[in-house]
Amino acid sequence: MNAPQAPSLARRAAAAAAVLAALLVVPAVAGTYQTQLLTYGLTLAIAALGFNLLLGYTGLLSFGHSAFFGAGAYTVALMMRYLGVSSMELFILGGIAFSAALAALFGVVCVRHTRIFFAILTLALSQVLWTLAYKFFWITGGSDGLRVPFSKLTLLGGLVSFPGADAFPRFITSYYYYVLAAFCVCVALMWLIVHSPFGKTLQAIRDNETRARFLGVRIWRYRWLAFLVSGIFTGLAGILWVPLNGLTTPDILYWPQSGKIVFFAVLGGFRNFTGPIVGAVIFNYLEVYAIAVTEYWQITLGAILIVLVTFLPSGIVGATQRLVARLKRMKSAPA
């Protein structure tokens, strides 16, 4: 039974190693701007991984994941401004703790419901945070936001800092590898989660909740844990995103940010582990270049995304896998 799976695992490991090798040489072969864009894409891919644990593996559609993304970002900004913290490691610890607490609280309210009720609840709670970010402007900066200058940031416990006139290119290169390391850890952790008994139970709940309940599975507990893990991953994405962006505003708590995260998974293919990762990176590039090409970038981007979703309903990764399988069948078929 296990023999046919070994070549598949070997191929996946080889493909992952090849992708990692390609990512490692990006700063050497690409310019600062392209490296920065890819760093953005990797942070968004972490958010997509967390979101897809709910949508792809648990069957719950959340329209409120901007709350966790924004919670992580605002934790960094508030710690830097009011506590004078500069260590990225402390930002990660503080941001994950706050995102986890927020996800645990929201999860108690939301996971008792499913389908449209779950989606509306997550949307409503995220909008509460967005409103608070505007109302408490003397703390959050309101629409002006809070700055997170990279020049004050330190990595690896203060071993890496960014003083001097040429600090920005050095920051982009160093921070790219920092985010890449965090991305690899997140991918490995999520792979272990979804292939563990916990992940298989989530998929059983997604496929047939009634049968899982009859088997004695505590549905609420598993959904709450999935919601908690999903919020932590998305919060970490916000933590890593804000030093790169240099500014956090209430816009990242607004519902369009949640819509983007949903679209990452749909674009790449939410029934595939790598789909949301690919979707997040591609969406990031589509958005950036659409903004650069035309002032009507929202219409252009919307049209592109509609076409992709219409003709690739299983996502880019799913469609690619089907195409490769079809070509293999055609190649192996007798003349």
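**Surface patch, helix H5 and overall dimensions**

Phenylalanine 136 counts as partly exposed because its relative accessibility is 37%, a value between the 20% limit for buried residues and the 50% limit for exposed ones. The structure is a predicted model. Within this model, phenylalanine 136 lies in the loop between H6 and H7.

Phe136 also contributes to a nonpolar patch on the surface, with an area of about 820 Å². The other residues of this patch are Tyr82, Leu83, Val128, Leu132, Phe137, Trp138 and Ile139. Helices H6 and H7 (137-140) each provide at least two residues of the patch. The most is given by H7, with 3 residues.

Helix H5 spans residues 88-110 and contains 23 residues. The distance from its first C-alpha to its last is 31 Å, close to the 33 Å expected at 1.5 Å a residue. In an α-helix there are 3.6 residues a turn, so residues three or four places apart point the same way. The buried residues of H5 are Met88, Phe91, Ile92, Gly95, Ser99, Ala100, Leu102, Ala103, Ala104, Phe106, Gly107 and Cys110. The cover over these buried residues includes four helices, namely H4 (66-82), H6 (115-135), H8 (167-194) and H11 (219-245).

Alanine 182 belongs to helix H8, one of the helices that cover the buried residues of H5. Alanine 182 is itself buried, because its relative accessible area is 17%, and the term applies to values under 20%. When neighbours within four places in sequence are set aside, alanine 182 is in contact with Ile46 and Leu240. Glycine 216 is 34 residues from alanine 182 along the chain, and the C-alpha atoms of the two residues are 36 Å apart.

For the protein as a whole, the secondary structure consists of 15 helices and 2 strands. The radius of gyration is 21 Å, close to the 20 Å that the globule rule gives for 335 residues, so the protein is as compact as a globular protein of that length. Along the principal axes, the C-alpha atoms fill a box of roughly 65 × 50 × 40 Å. Of the 335 residues, 46% are buried. Among contacts between residues at least 6 apart in sequence, 75% join residues at least 24 apart. The area exposed by the protein is about 16800 Å², of which carbon and sulfur atoms supply 69%.

Terms used. Residues are numbered from 1 along each chain as its sequence is written. This is a predicted model: local features need pLDDT of at least 70, side-chain atom pairs count only at pLDDT 80 or more; totals for chains, interfaces and linings use all residues. Side-chain values use heavy atoms; hydrogens and water are left out. The expected span of a helix is 1.5 Å times one less than its number of residues. Buried means under 20% relative accessible area, exposed over 50%, partly exposed in between (1.4 Å probe, protein chains only). Contact means heavy atoms within 4.5 Å. Patches are made of residues with over 30% relative accessible area and no salt bridge: like charges are joined within 9 Å, nonpolar side chains (Val, Leu, Ile, Met, Phe, Trp, Tyr) within 5 Å. Accessible areas come from the Shrake-Rupley method with a 1.4 Å probe; for residues, only the protein chains shown count as cover. A salt bridge is a side-chain nitrogen of Lys or Arg within 4 Å of a carboxyl oxygen of Asp or Glu. The radius of gyration is taken over C-alpha atoms; the globule rule is 2.2 Å times the number of residues to the power 0.38.
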